[in-house]
Amino acid sequence: MMRATRAWSKPAIALLLALSAAIVGCAGQGDARRKPFARFRASPGENRSAEELSSALGWIDREAQASGRSVVPSNELVAFANQARVVRKPAVPSPHKDILVISGGGVYGAYPAGVLYGWTQAGTRPEFDVVTGISTGALVAVFAFLGSSVDCELRQAYTTINNDDVYRMNRFPRALLSDSLADNAPLAELLKQYATDDRIRQVAAEHQKGRRLYVGTTDLDVRRGIFWDMGAIATQDTPQSRELFRKVLLASSAIPGFFPPVPIEVTVDGRRHVERHIDGGVSSSMFFAPPWVPPEARAALPASWLHGSDLYILVAGKLYPDPTPVKSRSLAIAGNAISTILYDQTRSDLHKLFLLSIVTGLNYNMAAIPKDVPTPIESTSFNSAEMTVLFESGAEWARNHGKWRDSPPGGEHGEGGRYRAGTVLTDTGRRGMIGGDENLIPPVVPAK
């Protein structure tokens, strides 16, 4: 019995996490009286209402919070970043570059798609020298790279599709014994409609001009991120290269456990191997790639060559998740924890890009879904009406010349964790604020 327990422990845990990630949105919904396990006793605090959770965002221990935040004021962090950029400013600036980074986020990708659409309407959207994308961000990245000429298709892709256009759920119990809970064959067909042969040739043409498009996947077995130069693939202009182009897009959005891994053949020193690739968001939520420089010019490239250029980051999601009542069930708890980890990974990656901007002198410009915009509970729930709300919210923000954020998560008033010295708290009345405290000094952002 002991041997059997050990043999099943790791697969059981993996299956548990895969299932929880897929059902995190629905686990806390519905009437408990109709649930088959409702007879089990609920844990203390399980039945917290949505109203209470919204209120809880403003509960703080004033003294402990002020003490914890007094070490490095957020306004000094931003001021230091701007001062560092000024110190590194070169006497002779290099040509300006525009770099776009798009994160993963499932259906939440409708928001950055809308930002691009509204950005075009505002008349200020640049032609990006580099575009990188992960997961749903990979799909948006192709449209962003090709420019405003495909805006109508971008809008269609993120406002008209539903679950049936993306996947089909596998039947139980077969789904539990296969490599995925759902079949993403519909998404593969959808990619053929948007990543057509002509569109791939357009990517190749832009690549030959020196622009670059990168998409991230994760090698499932090697456990490393792989960053594909999509333009280089497109320039091969063969049926095999176009198939690889679409496979990479499919793999980048292959949520592990929910969608099956995508097999990709590679040849190493003449030997054929088959890799299995999954969602790029497993290894990183977003990634930076520098603009292309001709080989003959790289040796003379100054260290400050990116100073003054713009780094734009579109986050397909909110910086902090909305509070959600979680049932006292193992799958619901694990799923909510995984979701929280992914949000934290996104914030961590944004901090890395902020540090990179300080070192290189890049201007840090970031936009995420505002906290007051309603979002679907599940990132895999493709509902055209809900996605349209996200798309239009992003478009409106960009059309109205929304202010790009130049500080990392936690650097603005009311963000970050909360310090406590006990359980006697004060309700500040700040709804929708994480760790809010009116006594904290909001950051002063110097003009660029």
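Colleague: What makes the space of about 370 Å³ a cavity and not a pocket?

Modeller: In this predicted model, the largest cavity has a volume of about 370 Å³. A cavity is a set of points where a 1.4 Å probe fits but cannot get out, whereas a pocket is open, so the space is called a cavity.

Colleague: How many cavities of 30 Å³ or more does the structure hold?

Modeller: Just 1.

Colleague: Which residues line the largest cavity closest to its centre?

Modeller: The lining has 24 residues, and Thr-136, Leu-139, Tyr-158, Leu-187 and Leu-191 are the closest to the centre. They count as lining because each has an atom within 4 Å of a cavity point. H6 gives the most, 5 residues, while helix H7 (151-159) and helix H10 (185-194) each supply at least two.

Colleague: How does the lining divide into nonpolar, polar and charged residues?

Modeller: Happily, that is a simple tally: 18 nonpolar, 5 polar and 1 charged. Leu and Tyr count as nonpolar, so Leu-139 and Tyr-158 belong to the nonpolar group, whereas Thr-136 is polar.

Colleague: Why is Leu-100 called part of a nonpolar core?

Modeller: A core joins buried residues such as Leu through side-chain atoms within 4.5 Å, and buried means under 20% relative accessible area, so Leu-100 meets both conditions as a member. The largest core has 69 residues, and Leu-100, Leu-116, Val-131 and Tyr-158 are among those with the most contacts inside it. Helix H6 (residues 136-146) brings the largest share, 9 residues. Apart from this core lies another of 26 residues, including Leu-311 and Tyr-364.

Colleague: What does Leu-100 contact beyond its sequence neighbours?

Modeller: Among its partners are Leu-116, Phe-128, Val-131, Ala-144 and Tyr-312.

Conventions:
Residues are numbered from 1 along each chain as its sequence is written. This is a predicted model: local features need pLDDT of at least 70, side-chain atom pairs count only at pLDDT 80 or more; totals for chains, interfaces and linings use all residues. Side-chain values use heavy atoms; hydrogens and water are left out. Buried means under 20% relative accessible area, exposed over 50%, partly exposed in between (1.4 Å probe, protein chains only). Helices (H or I, at least four residues) and strands (E, at least two) are DSSP runs, numbered from the N terminus. Contact means heavy atoms within 4.5 Å. On a 1 Å grid over the protein atoms alone, a cavity is a set of points where a 1.4 Å probe fits but cannot get out, and a pocket is an open set with protein on both sides within 12 Å along at least five of seven lines; lining residues have an atom within 4 Å of a point. Grid points are joined across faces, edges and corners, and a volume is the space filled by probe spheres set on the points. Lists of a residue's contacts leave out its neighbours within four places in sequence.
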